[in-house]
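User: I would like a close look at one part of this protein, set in the context of the elements around it. Please keep the account formal and connected.

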Amino acid sequence: MRYDKVREVDDAVADALEGEDERQEDTLAMIASENHASEAVLQAQGSALTNKYAEGYPGSRYYAGCEYADDVEELAIERAKELWGADHVNVQPHSGSSANMGVYFAVLEPGDKILSLDLTHGGHLSHGHAANFAGKLYEVEHYEIDPETGRIDYDDLQETAAEFDPDMVVSGFSAYPRAVDWEAVQAAADAADAYHMADIAHITGLVAAGEHPSPVGIADFVTGSTHKTIRAGRGGIIMCDEEYADAVDSAVFPGAQGGPLMHNVAGKAVGFGEALQPEFAEYAAQVVQNAKALGARLQEHGFSLVSGGTDTHLVLADLRESHPDVSGGDAEEALDEVGIVLNANTVPGETRSAFDPSGIRAGTPALTTRGFDTDDMETVADCIARVVDNIGDAEVYAEVAADVQELCDDHPVYD
C-alpha cells in the first residue's frame, strides 16, 4: 500500500505503516483473533466517514448530514441479519468487549451475578476477570474446562449455576478449540432463571457459514467481533430478539458510547457483504480444515493438544509433556524470530504463571485468507516443531526462517 499523503506530513508514522505492511507480508499471522481484511474493507475504513459524527441510530440522529451514514449503517444491519438470522442487530459497538458491555448494561445492575468461563481456561477478560470492568462491577463466578478431557463439563456447569444462582450465564471463549453446546448452556441458564449471553467473537465467520453451530435463537443475546473469522471492519456486534432491542440500543448509546465509528461501520457493511458471497462459505470451511491439519501434524510431532484436537479455527497445544523445559513464552519468542506469529496461552490445569504459561495458541483464519491449504498447514506445523524442538539453535532458526519466507512469497497478503 502507499502512504504518500502520510509521508508528506509525517515520515515517522509513514515508516511505521510501511514497516507494518512489510511485517504482515513477511510473517505468518497465526494469532487466532487476527485476519487480513480485504482492500475493499480497508478502503471503507479509511473513508471520509471518519469525519462524521452520527450519534443516535438511522433515522434518529442527533446531528444533521447523516443521510449516507444512515445508508451505511442500515446496510450493515440488514446484511448482519441475513448472515446470522437475528431479529435485531446493533453494529455500533467499538469492539467485542464493548458489545459485551452493552449487553450487561442492558439487563444487569451493578452487583448482579455473572457465571462465565475462567480466563485461564479459555474465557475472555470481558467475561468478568477481576482486572476488567465486568469483574469490578459484577459478582463473578467461573466454570472451568475439565483438565482431563480439555472440554467443558456441562453437568458441572449446571451444578455451578444452581449453586451460584447467577443473573447471567456467559458462554463463548477466546481459547477453546471445541464446538460449544449452546443448548446445554441455555438449559443451565434457564434452570437458574438467568439470561444467557453467547460471545462468538472468535467464530462469527464460522457461525455465519454454518461451520459452527449458531447460538442465535437459543441465547438471549449474541455478541461478537467483526474482524476475526468474519473478516469485516474492526469492531463489535450485538444480536438479540426484538424484546431486548430498545434496552440494548439504549445501553450502547448513550449508555456506553457516544458517536459510533462510522468508518468502521462502513468496513463492517463491506465485509458482511463479502461474507454473503458463496466464496465465503468455502473460506470458512477451509479455515476449519486447515486448523485440523495443523493440529494433526503437530500431534505427529509429539505435541499434546488440549481436548485432543479442534472443531474450530484454532489449536491449543500444551507443552508440559512434550517440551517440559519450554514455556509458552519461550516458544512464542522463538517462533516470532523466524516469522511465525502466535501467542503463549494458559491451558487447563495451568502450573506456570499466566504471564509465561504452558501452552501456545495458533489460529488459521489469516493464513487461509492468504490461500494456505492443508498441505501448507502441515508445512507450517513442521516449521513450528523444528523451532520448539530446538530452542536457541540459531542454525535451525535460519533454516526455518527461509522456509517461512518462501511460504510468504508464495502466498502474498495483497497482490
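Is Arg231 buried or exposed?

Analyst: The model discussed here is predicted. In it, Arg231 is buried, because its relative accessible area is 18% and the cut-off for burial is under 20%. The residue is placed in the loop between β9 and β10, the latter strand covering residues 236-240. Its backbone also deserves attention: phi of Arg231 is near 65°, a positive value in a residue other than glycine.

The strand that precedes this loop, β9, spans residues 221-225 and contains Ser225. Ser225 is buried, with a relative accessible area of 3%. Its side chain makes a polar contact with the side chain of Lys228, at 3.4 Å. When residues up to four places away in sequence are set aside, Ser225 touches Gly96, Ala201, Thr204, Ile230, Gly235 and Gly236.

A second residue with a comparable backbone feature is Ser307. Although Ser307 is not a glycine, it has a positive phi of about 75°. It lies in the loop between β11 and β12, where β12 comprises residues 314-318. Ser307 has a relative accessible area of 14%, and therefore counts as buried. The two strands that flank this loop belong to an open sheet of four strands, in the order β11-β12-β15-β14 with antiparallel pairing. Its edge strands are β11 (304-305) and β14 (343-345), each of which pairs on one side only. Strand β14 is joined by three bridges to β15 (residues 359-363), and the two run antiparallel. Within that pairing, Asn345 has Gly359 of β15 as its bridge partner.

Another backbone feature concerns a peptide bond. Phe253 and Pro254 are joined by a cis peptide bond, with omega of about 10°. Pro254 lies in helix α10, which covers residues 245-256.

Attention may now turn to strand β7. This strand, residues 168-172, is mostly covered, as five of its five residues are buried. Met168, Val170 and Gly172 point one way from β7, while Val169 and Ser171 point the other way, and all are buried. Strand β7 has parallel partners. Two bridges join it to β5 (residues 113-117), with Met168 in β7 as the bridge partner of Ile114. Five bridges join β7 to β8 (residues 195-199), again in parallel, and here the bridge partner of Met168 is Tyr195 in β8. Met168 is thus a bridge partner of Ile114 and of Tyr195.

Ile114 also provides a link to strand β6. Glu141 is found in that strand, which spans residues 139-143, and Ile114 is one of the residues that Glu141 touches. The others are Leu115, Ser116, Thr160 and Phe164, not counting residues up to four places away in sequence. Glu141 is partly exposed, because its relative accessibility is 35%, and the partly exposed class lies between 20% and 50%. Glu141 and His127 are 14 residues apart in sequence, and their C-alpha atoms are 10.0 Å apart in space.

The remaining region is around strand β3. Arg61 is found in this strand and counts as buried, because its relative accessibility is 15%. Its side chain reaches two backbone oxygens: that of Ala54 at 2.8 Å and that of Gly56 at 3.1 Å. With neighbours within four places in sequence left aside, Arg61 is in contact with Ala54, Glu55, Gly56, Cys66, Ala69, Asp70, Glu73, Gln92, Pro260 and Met262. Ala54 and Gly56 therefore appear both in the contact list of Arg61 and as providers of the backbone oxygens that its side chain reaches.

Beyond β3 (60-61), Tyr63 is found in the loop that leads to α4 (67-84). Tyr63 is partly exposed, with a relative accessible area of 40%. Together with Tyr53 and Tyr62, Tyr63 makes a nonpolar surface patch of about 400 Å². This part of the model thus contains a buried arginine, Arg61, and a partly exposed tyrosine, Tyr63.

To return to the question, Arg231 is buried at 18% relative accessible area, and its positive phi near 65° occurs in the loop between β9 and β10.

How values were computed. Residues are numbered from 1 along each chain as its sequence is written. This is a predicted model: local features need pLDDT of at least 70, side-chain atom pairs count only at pLDDT 80 or more; totals for chains, interfaces and linings use all residues. Side-chain values use heavy atoms; hydrogens and water are left out. Patches are made of residues with over 30% relative accessible area and no salt bridge: like charges are joined within 9 Å, nonpolar side chains (Val, Leu, Ile, Met, Phe, Trp, Tyr) within 5 Å. Accessible areas come from the Shrake-Rupley method with a 1.4 Å probe; for residues, only the protein chains shown count as cover. A salt bridge is a side-chain nitrogen of Lys or Arg within 4 Å of a carboxyl oxygen of Asp or Glu. Buried means under 20% relative accessible area, exposed over 50%, partly exposed in between (1.4 Å probe, protein chains only). A polar contact is a pair of N or O atoms within 3.5 Å; within protein, one must be able to donate a hydrogen and the other to accept it, and residues adjacent in sequence count only if both atoms are side-chain atoms. Contact means heavy atoms within 4.5 Å. Two strands pair if DSSP finds at least two bridges between them.
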